[in-house]
Amino acid sequence: MPAKTSDVKGAKKTAVLICPAQFCVPADYEDLLTCLKKMPELSVTSSSRVAPLPRTEWIKVARQLPTKSFFDATLSVSSTLSWYFDAIECALSEIFASEGSDVNVCIIGHSIGGWVARAYLGGLSGSSSAVYRLAQEQCTSLITLGTPQISPSDALVDQTRGLLQEVERSEACSPQSLLEEKGIEITCVCSSSLEGKFLTTNFEQLIAASSYFPLLGKLGNTVGDGIVPIDLAFLDEPARRVNVQKCSVTDSPIRHAHVLPTPWNLYDGYAPSIKLPDEFKWYGSEGV
């Protein structure tokens, strides 16, 4: 594994970059960033931030709707998600400008943000910028939260229309390649709190089943975070697997998100998403 700056100079502060879930905005992750910065053992820099994506940016995906590639489920990662990659580079540029070129970087990807970040680190963005090259050197870890890592062939529908399959096929995006070639450790985190059931009066179990079933093409005794089934959330070794079951503070189940990430407010793309009740714990909650 190539030596990184951190290997030579020893432990130092780490800048965290959060790659948001679909339709989520930077304001949705303020509490998580504040929590991380308050943990002295993590040495998280004040320049840590969320990729600057307003929810309106997701409308750009609609450009692909009338194309043959969309109907054939062969969309290109580099062209379809160029706007997301631009936001990642914008955030990284600001981090390096604030902290210097030798700062360690940890990327946290929530939901779709996890595999988009992996695609970026694996080179699928097609970027050759100085920021991209520096990120390859300084990124030490990628943590995914409730990220679907696999698009199984027997799924009822490929919801990413070929995008996730391209990431899966890319050897450069594999955990082994990212670790051995770039020294980037991957940790996959997913909850197993919520079982998916259709024959139930439990609303959350119904919602979970309606999400798990099309993703897997089957149901059975499937558990996950209410949106992503745990069967799809983990990568092969050397990636680490973390199965979180209950909040250590409240003993509550851990859900996919703490907000409703919907395009409800298009006139103000950066306005916070609709918050779920405080008792709804997610990956960024205290105690998780």
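Q: Let's start with one residue in this predicted model. Where is Trp264 found?
A: Trp264 is in the loop that runs between strand 10 (259–260) and strand 11 (274–275).

Q: How do I read its accessibility: is Trp264 buried, exposed or partly exposed?
A: The general idea is a pair of cut-offs: buried is under 20% relative accessible area, exposed is over 50%, and partly exposed is in between. Trp264 comes out at 41%, so it counts as partly exposed.

Q: And which residues does Trp264 touch, not counting residues up to four places away in sequence?
A: A contact means heavy atoms within 4.5 Å. By that reading Trp264 touches Arg55, Pro272, Ser273 and Ile274. For a sense of distance, Trp264 and Ile88 are 24 Å apart, C-alpha to C-alpha, with their positions 176 residues apart in sequence.

Q: Arg55 caught my eye. Which residues is Phe23 in contact with, leaving aside its neighbours within four places in sequence?
A: Phe23 contacts Arg55, Trp58, Pro261, Thr262, Pro263 and Ser273. So Arg55 and Ser273 turn up both in that list and among the residues touched by Trp264. Take Trp58 as well: Phe23 and Trp58 are 35 residues apart in sequence, yet their C-alpha atoms are 6.7 Å apart in space.

Q: Where does Phe23 lie, and what about its backbone?
A: Phe23 lies in the loop between strand 1 (14–19) and helix 2 (30–37). Its phi is near 70°, a positive value in a residue other than glycine. Phe23 also counts as buried, because its relative accessible area is 18% and the cut-off is under 20%.

Q: What other backbone values should I look at?
A: Try Ala73, in the loop between helix 3 (68–72) and helix 4 (77–80). Its phi is near 60°, again positive in a residue other than glycine. Gly183, just after helix 9, takes a positive phi of about 70°. Then check omega: a cis peptide bond joins Glu237 and Pro238, with omega about 15°. Pro238 sits in the loop between strand 7 (223–224) and strand 8 (240–244).

Q: Back to burial in loops. Is Gln64 buried or exposed?
A: Gln64 has 16% relative accessibility, so it counts as buried. You'll find Gln64 in the loop between strand 2 (49–50) and helix 3. Beyond residues up to four places away in sequence, Gln64 touches Phe70, Leu75 and Thr80.

Q: Can we do helix packing now? At what angle do helix 5 and helix 6 pack?
A: Read the angle between the axes, then the distance between them. Helix 5 (residues 82–99) and helix 6 (residues 112–121) pack at about 75°, and their axes are 11 Å apart. That makes the two helices roughly perpendicular, because the class covers 65 to 115 degrees.

Q: Which residues in helix 5 and helix 6 meet?
A: From helix 5 come Tyr84, Phe85, Ile88, Glu89 and Leu92; from helix 6 come Gly113, Val116, Ala119 and Tyr120. By class, that contact has seven nonpolar, one polar and one charged residues.

Q: How about helix 5 with helix 7: at what angle do their axes cross?
A: Those axes cross at roughly 70° and come within 10 Å. Helix 5 is therefore roughly perpendicular to helix 7 too. Here Glu89, Leu92, Ser93 and Phe96 of helix 5 meet Val131, Tyr132, Leu134, Ala135 and Gln138 of helix 7. The class count is six nonpolar, two polar and one charged residues.

Q: Which residues of helix 9 are buried, and what covers them?
A: Helix 9 (residues 175–182) has Pro175, Ser177, Leu178 and Lys182 as its buried residues. Their cover includes helix 6, helix 7 (130–138), strand 4 (139–145) and strand 5 (185–191).

Q: Zooming out, how many helices and strands are in the protein chain?
A: Ten helices and twelve strands. Buried residues make up 53% of the chain's 288 residues. The exposed surface is about 13,200 Å², with 54% supplied by carbon and sulfur atoms.

Q: What does the radius of gyration say about the whole chain?
A: Set it against the value for a compact globule. With 288 residues that would be near 19 Å, and the chain has 18 Å, so the two agree. The C-alpha atoms fill a box of roughly 55 × 50 × 45 Å along the principal axes. As for contacts between residues at least 6 apart in sequence, 75% join residues at least 24 apart.

Terms used: Residues numbered from 1 in each chain as written. Predicted model: local features only at pLDDT ≥ 70, side-chain atom pairs only at ≥ 80, totals over all residues. Heavy atoms only, no water. Helix = DSSP H or I, 4+ residues; strand = E, 2+ residues; numbered from the N terminus. Buried < 20%, exposed > 50% of the residue type's maximum accessible area, 1.4 Å probe, protein only. Axes fitted to C-alpha atoms, helices over the stretch in contact; angles between N-to-C directions. Parallel < 35°, antiparallel > 145°, perpendicular 65-115°, else oblique. Nonpolar A, V, L, I, M, F, W, Y, C, P; charged D, E, K, R; others polar. Rg over C-alpha atoms; globule rule 2.2 N^0.38 Å. Areas by Shrake-Rupley, 256 points an atom, 1.4 Å probe, with all protein chains shown as cover.
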